[in-house]
Protein chains: 2
Amino acid sequence: MTATSQSDLSVVALAGGVGGARLVDGLDRALPTGSLTAVVNTGDDFQHWGLHISPDLDTVMYTLAGLSPEDRGWGIEGDTFRVLEEARRRGAEDWFQLGDRDLVTHLSRSAALARGDSLTQATSGLCSALGVECPILPMADAPCPTTIVTQGGDELAFQEWLVHARAAPAVRAVRHEGAARATQAVLDALTAADLVLISPSNPYVSIGPILALTGVADALRQTIAVAVSPILGGKAVKGPLATMIQEIDGCTPSAEAVARHYEGFLDGFAVHPGDGFDAPYPILETNILIQSKRDRVVFARELIEFSRSLR
Amino acid sequence: MTATSQSDLSVVALAGGVGGARLVDGLDRALPTGSLTAVVNTGDDFQHWGLHISPDLDTVMYTLAGLSPEDRGWGIEGDTFRVLEEARRRGAEDWFQLGDRDLVTHLSRSAALARGDSLTQATSGLCSALGVECPILPMADAPCPTTIVTQGGDELAFQEWLVHARAAPAVRAVRHEGAARATQAVLDALTAADLVLISPSNPYVSIGPILALTGVADALRQTIAVAVSPILGGKAVKGPLATMIQEIDGCTPSAEAVARHYEGFLDGFAVHPGDGFDAPYPILETNILIQSKRDRVVFARELIEFSRSLR
């Protein structure tokens, strides 16, 4: 990292769902406008009701727009479900909860893609309409679906497994398919970055798909890369991560178990108090539970200061 | 028409929007199950929010399902507009009123078409889900858009003219484009029909597109065809028809002016009391204002009796 002032620091955050969205939100509040770019997992993207759904892009976008509910990791606060209720009444698939306001996002995105816009362009249009200024870049424009291979040998699309099957089937492996290349916008942002932050998101299904794209890991080796643990005191803040660590890696869930996924390009790691471990890079032990907006900003400032101290 | 009992009479109704839907509803109540098939104009179909909208198919389907509002010619009674309100908030196109429950129709149809279903199959699926038993056949599976040529020389897609421009630009001509062929299901239904009823719909933009398809006019010449006037006492019950008769045909709006559009295959014509005219076929003068469900059935029975008397 060059010795710039905080105001001209160029930061990229790699993000998945809720944890990623909260870190991005904290950084967006802590950093001056124009400093931050979010690069977001699209491995969860899928088609539902004929629409293109991008769950992680939406969670990050809604969080930055101030529309995310406090008590759940998806959709828009106070949304209604009139369309879903009618779909259910008519016997349509209703396992994925699409709110009425939320639906406008999927309709707009699908229409933009059908017109020939890239997912990057469609996302930019959605962000503009919601007043989100921080660039949110999908990791890829082409589909690159994450497949869950269960212990039983079934292969499920990620949302089918997470939402429809309620993450119940034990996981043997996670496979990243389709597009192998990050967008040029993502590679340019990574190349220009003074600092890349890896959000407290699931390393298998949120960060893994981004790192699997050609060019991303190489770019991370060229810059300062700092990760934030999604495991606190052996537990995941949200979602199926703790179980996945046991099932896939066969080890006890811990910050250290997550850090192993980022070996080779990590310059620092942030963990919750008591979660520190021996590592070839500095560890920041601090409150990384960032549910409230205040905690997000406090932690983002600490994380930036910590990252600036790394060479 | 063969001398069958009413119970094994095979009736096809050609229908456009509200007038057509009301006649079909009356016939559906008056005739035994299995006797009636509705053939519906798809010249109004268009893409909006990336979805395939079929206004006339929906009006007929919602009317038969008992979902149509009494006081307007589109959508579902008591529907809400949460999605539309959010779309408006985000600056999306909002000139076409899509209700939340209504939206499920357009989502399902668009998803079915994207999967490779024909419009006929998609419509059948929608009807099943809404408990509509009477077959509703789109006139064509391929797009065949109706274009309005204005007196000013502009060319507007039909809904753009009717809804977006509020039917204000004076009309010079109506053009039927695209698919020139009715579906095989439509041609089969017409061939098998003892009686074809032409609904009190707009002859230029509702019935005209059906008659313009190869095979339809020929089939009508082979059977008993009876039309119902959409003009009562010189006025249209609904919509821009009276003005269109003046603008396009340069004559005073009347039942007779409408009948001229069906010359060559008409075996009878139903008009409102006082609207009779000299014609080479019998005229039924009766109450053809069929807004209430009761009036629809009374008129449908009269119309069938009248048609059965024709040879």
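**Close-up views of a predicted two-chain model**

**View 1. The two copies, chain A and chain B.** A turn of 180° and a shift of 0.0 Å along the axis lay chain B on chain A with an RMSD of 0.0 Å (least-squares superposition on the C-alpha atoms of residues with pLDDT of at least 70 in both). The two copies are thus related as by a two-fold rotation axis. This is a predicted model, in which local features need pLDDT of at least 70, side-chain atom pairs count only at pLDDT 80 or more, and totals for chains, interfaces and linings use all residues. Residues are numbered from 1 along each chain as its sequence is written, and chains are lettered from A and ligands numbered from 1 in the order in which they are written.

**View 2. An open sheet of 3 strands in chain A.** The strand order is E7-E6-E8, with antiparallel pairing (strands are DSSP runs of E, at least two residues, numbered from the N terminus; two strands pair if DSSP finds at least two bridges between them). Strands E7 (155-157) and E8 (171-176) of chain A are the edge strands, each pairing on one side only. Strand E6 (residues 146-150) of chain A pairs with E7(A) over 3 bridges, and Ile148(A) has Leu156(A) as its bridge partner in E7(A).

**View 3. Surroundings of Ala13(B).** Beyond its neighbours within four places in sequence, Ala13(B) is in contact with residues including Leu23(B), Leu36(B), Ala38(B) and Ser199(B) (contact: C-beta atoms, placed from the backbone, within 7 Å).

Note on methods
Helices (H or I, at least four residues) and strands (E, at least two) are DSSP runs, numbered from the N terminus. Two residues are in contact if their C-beta atoms, placed from the backbone, lie within 7 Å.
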